[in-house]
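Visitor: Please take a single helix of this model and look at it closely, together with whatever lies around it. A connected account would be better than a list.

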Amino acid sequence: MDVASASEMSNRVLEEVGRAVVADREFFETVLLGVVGKGHVLLEDVPGTGKTLTARSVATALGLSFSRVQFTPDLLPADITGTHIFNEQTREFEFTRGPIFANVVLADEINRAPPKTQSALLEAMEEGQVTVDGDTYDLPEPFFVLATQNPVDMEGTFELPEAQVDRFLAKSSIGYPDDEGEVELLRRRAGRTEQSPSVEAVLDADSVQALRSVPETVTVDEDLLRYMAAIARATREDYRVEVGVSPRGTQRLFEAARAMATIEGREFVAPDDIKRVAPPVLAHRLVLTPDARVEQVEKRDVLADVLGEVPVPTV
C-alpha cells in the first residue's frame, strides 16, 4: 500500500466516524493516530461527550473486533486478561481468554481500578501479549487500546502511574460541541429511530494491518530529527517541569509525525506535522513541579511555550 492509498483509507474512516460522533476533525485524527501509528490513545473528558461511541464507531469503521471493559474498584487483572478454568471432562485446566483479546479494547474509566489491575494492561499495550500463570499469549493483530477517564469525579479513583501514562501515544478530549454542533446532534437523533447512531465498516483487519505499515516508508529529514530531539530536551530544561519527555516520548513523537504525514497523504514529514501532533503526544508525559501545580499551570501551555522557543528548521 502506498501513501496515497493509505491517506484515502484514513479519510474514509474519518468521514464514517464523523457520521456518528459530533466532534472536530482534529479529535478524530488524534484517535486515528493511535491506529496508524501503532499506539494507544487516552481520552479524558466528562461523561456523555461520546467517548464510548467514538471507540465503538472507530472499531466498526475499521472492520475490527471490539470489546469494552468497565473498570471498577473490584476489577481483578484476571477479569481483563483471562484465567485458567478446570475442565471436568478433560480433567485439565484450560485458558479462558478475557476481553483484552480483541482488536480494539475500550478501557472505560480506567482510573477507577486499582494500580494492580491497571498494570494488567502494561504488557499488553507495550508487547502485544499477556502472561497468565507463566504462560504467554499473543493478542490479535492489530491491537489498539482506547482508554477513558473522568477528570471531574475523582472520588474513589486511582491516578494512572507515569509509567502507564507514558505508554499512550496520545491523549485527547472531545469537549462540548459548539451551538451548531449540538443542534446537529439533535437533528441526527430526530432522523433515526435508534437511540445511538451506527456506522458501516469501510476497512477490514488486513487493510488496517497494511495501513499501519505505511508510515515506515515516510521520509524524515535529518533537520527534523534534530528538531524533535530539541523539543524533548527543552521540556526537560523548563523550570516548571520536574520530569520532561522521556526518550520513549521522543520516539513516539517521531512515529506520530510519520502517521500524520500518512493521513495527510505526504511521503515526507513537514515541520507542521510535528507541531500538530506534539501537544497530544507530549503534554501528558510531563510531570510539573509542585509550584507549577499550585499555580495551576497547564501542561499544554508549557509545551506551547517550548514549541514557540525551539527554532523550526526550514525543509
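A helix and its surroundings

Guide: Helix H3 has 12 residues and spans 17 Å from its first C-alpha to its last, close to the 16 Å expected at 1.5 Å a residue. The model is predicted, and local features are described where pLDDT is at least 70. Of the 12 residues of H3, 9 are buried, so the helix is largely enclosed by the rest of the structure. The buried residues are Lys-51, Leu-53, Thr-54, Ala-55, Ser-57, Val-58, Ala-59, Ala-61 and Leu-62. Just after the helix comes Gly-63, with a positive phi of about 70°.

Part of what encloses H3 can be followed from another helix, H9, which runs over residues 205-213 and has Ser-207, Val-208, Leu-211 and Arg-212 buried. Viewed down the axis of H9, these buried residues fall within an arc of 135°, so they line one face of that helix. They pack against H3 (51-62), and also against H1 (3-18) and H2 (25-36).

One residue of H1 shows some of these contacts in detail. Ser-10 lies in H1 and is buried, with a relative accessible area of 0%. Leaving aside residues up to four places away in sequence, Ser-10 touches Leu-211, Leu-32, Val-36 and Ile-263. Leu-211 is also one of the buried residues of H9.

The packing is not without gaps. The structure holds 1 cavity of 30 Å³ or more, and the largest cavity has about 60 Å³ of space. Its lining consists of Val-13, Leu-14, Val-17, Phe-28, Val-31, Leu-32, Thr-54 and Val-58. H1, H2 and H3 each contribute at least two residues to that lining. Thr-54 and Val-58 are also among the buried residues of H3. By class, the lining has 7 nonpolar residues, 1 polar residue and no charged ones.

H3 also takes part in lining an open space. The second largest pocket has a volume of about 620 Å³. It is lined by 31 residues, and those closest to its centre are Gly-48, Thr-49, Gly-50, Leu-53 and Leu-185. The elements that give two or more residues to this lining are H3, strand E8 (144-149) and helix H8 (179-190). Leu-53 also appears in the list of buried residues of H3. The lining of this pocket divides into 11 nonpolar, 11 polar and 9 charged residues.

For H2, the largest pocket completes the account. That pocket holds about 1100 Å³ of space, and 35 residues line it, with Glu-44, Lys-171, His-284, Glu-298 and Lys-299 nearest its centre. Two or more lining residues come from each of H2, strand E1 (41-44), helix H7 (162-165), strand E9 (170-172), helix H12 (271-282), strand E11 (287-288) and helix H14 (299-309). H2 gives the most, with 5 residues. The classes in the lining of the largest pocket are 16 nonpolar, 7 polar and 12 charged. H2 therefore has residues in the lining of the largest pocket, and at least two in that of the largest cavity, as the definition of lining allows, an atom within 4 Å of a point being enough.

Terms used: Residues numbered from 1 in each chain as written. Predicted model: local features only at pLDDT ≥ 70, side-chain atom pairs only at ≥ 80, totals over all residues. Heavy atoms only, no water. Buried < 20%, exposed > 50% of the residue type's maximum accessible area, 1.4 Å probe, protein only. Helix = DSSP H or I, 4+ residues; strand = E, 2+ residues; numbered from the N terminus. Arc of directions from axis to C-beta. Contact = heavy atoms within 4.5 Å. Expected span 1.5 Å × (residues − 1). 1 Å grid on protein atoms, 1.4 Å probe; cavity = no way out; pocket = protein on both sides within 12 Å on 5 of 7 lines; lining within 4 Å. Points joined across faces, edges and corners; volume = space filled by probe spheres on them. Nonpolar A, V, L, I, M, F, W, Y, C, P; charged D, E, K, R; others polar.
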